[in-house]
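Visitor: Could you take me on a close look at one part of this structure, the place where two chains meet? I am new to this, so please explain the terms as you go.

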Amino acid sequence: MTRWVAVLICIASSLAGSHIAIAQRVLDVTDLDGRVAPALAVRIRILADSATAVRLPTAPLIDKALEGASKRAPDDRIVAAVHSVLDNLRVARHSLGDTATDAELAAGVTVLRAGVSPDALAEVHRTLHRRSLTVSLSVLGSLVAAGVPPSTAAKAITVQANRTDDAGMLAFGRDIERSIASGVPAYRAVEGATGGMPGPIPGKPTPRPKP
Amino acid sequence: MYGRAVAGDARAYAEILRAYRPRFLRYATRMLGDRDAAEDVAQEAFVRAFRALPQCTGPDSLESWMFSILANRCRTALAKRARHELLFARFDDQGGEPVVDAPMTPHTDVTAHQVERALDALSSEQREAFLMRHVEEMGYDEMARVTGAGVSALKMRVSRARELMRAHLAEDV
Amino acid sequence: MTDDLEYDHEPGIDERLAAAVRLLRVPVETDAQAFDARVLKQVQQPRGYAIPTRVSIVVSALAAAILMGVGLHNVSRSIVPRATQTVRFQLADVHATSVAVAGSFNGWNAEATPLHRAPNGTWTAEVALTPGRHVYQFVIDRSRWVPDPRSPRDPGDDFGTQNSVITVLPHRSGS
């Protein structure tokens, strides 16, 4: 009996221990305290001041600083990365407009830094109208990471956004990534998932005219 | 903090000074090859920057803007000194005390002395570009803003600097 | 020709150049307190166009009030609760002695979210995440950062390794 009680306690403990509720909240400059060196914290705070002054969210800056600190990156590299995020937040604001949420701006920063042009980002925004931009931009970023050229990925997202919802968009992205991972060229993976896209696709071989 | 510093609050500026001092001193020391001269130049740059803070376009460009003041001060200091003085600038001058007590890296036998001799082989423009690119890890656009040189010219200087550094480091093998 | 030195990958002479750069990156020792004191002494000397003390106090107070207002605004935004979804993080590694997940949902804190090892060497944690996009990596043995082989990648690579991405949909959309 004692042994079974001990087993039950162990199971209960492991179940309790394996479920972790994260009290997620928006990061701010105070999250730097104790996590980064004071000198670095000052440099980040100055950049955060700049974001605040133009009503851009500071959480992406703090997040990037904490990432770098946890990964033990040199301070200068952390500052450069945070600076890049700040620069791209400005561009994202311009492309996505004043009504873009903080999450949409952060997602916009990701795709801009991946090489998607500000115009392409604005086009994705225009196409989606009121629909969730965050999910589409998240998939766009992952497609670029998988090897799809930024302009092709942006085009594919724009085409697919009119055909499906958020869950469908995630599945669309997964399908393309799996195809690429199995060796299918990126353009073919995109073509297969979209059923063909209008216009030229960068990276797709141009058919030779027959003799 | 930035706003207070621009308004003339020395205590706010003190925080900025503490944050930027390590990087600025490192750059000045590597450029001038002389720690005392580097401290003088860095000190002057910080004072000038404080007095010109209202001219800075905003907090996000503060560090780059201040760094450009430092880079200008370094160039001015170098122009005043004869080239042969720099050849004898040492990491370990001032009575033989090492400026940097850095361990040698595993699998290579590069010493501070070898690095200083290789750096001495560069022109001041090449040294500036090399330090900004590889030690300060600056992007070319920022380097162009700080130096006033074009990106193409800077890339050539960095490339040439690397070739010369490699050649000098290889000579010591 | 690549512009950047790939310090850990290029053999031969570039190893020496990379070693030289590492030496150059070492901070320069100095009497920081004395240095700062000299600078501050000079900046505190009267200038031709120095802002009068009373005005600078008012300006500083106004700036502080504005920043505090902005800060309070951010605080009020940060405590709005959002519904979460439970996500399972899993990694197979029979050799690891510890595995944690660190990412944008826990401030990249490698200690905050440990995974638990099953007898077959699979590490698992279930985490409640708010809807949205989250990036993360696994941290193995407190030092090795690896992406999740089962998740899409984030295109960025600021610190040497790509992060993984998980996108959590709100309940109404399903996942």
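Guide: Happily! The contact between the two chains takes 37 residues from chain A and 36 residues from chain C, where contact means heavy atoms within 4.5 Å. A word on the source: this is a predicted model, in which local features need pLDDT of at least 70 and side-chain atom pairs count only at pLDDT 80 or more, while totals for chains, interfaces and linings use all residues. Residues are numbered from 1 along each chain as its sequence is written, chains are lettered from A and ligands numbered from 1 in the order in which they are written, and side-chain values use heavy atoms, with hydrogens and water left out.

Now to the surface itself. About 3400 Å² is buried between chain A and chain C, and carbon and sulfur atoms give 58% of that; buried area is the accessible area (1.4 Å probe) that two parts lose on being put together, summed over both.

Next, the charged pairs. The rule finds 2 salt bridges across this interface, a salt bridge being a side-chain nitrogen of Lys or Arg within 4 Å of a carboxyl oxygen of Asp or Glu. Arg113(A) and Asp158(C) meet in a salt bridge through their side chains, at 2.7 Å from N to O.

Which parts of chain A take part? Among those that each supply at least two residues to the side touching chain C are helix 1 (2–18), strand 1 (19–21) and helix 7 (133–146). Helices (H or I, at least four residues) and strands (E, at least two) are DSSP runs, numbered from the N terminus. Helix 7 of chain A gives the most to this side, with 7 residues.
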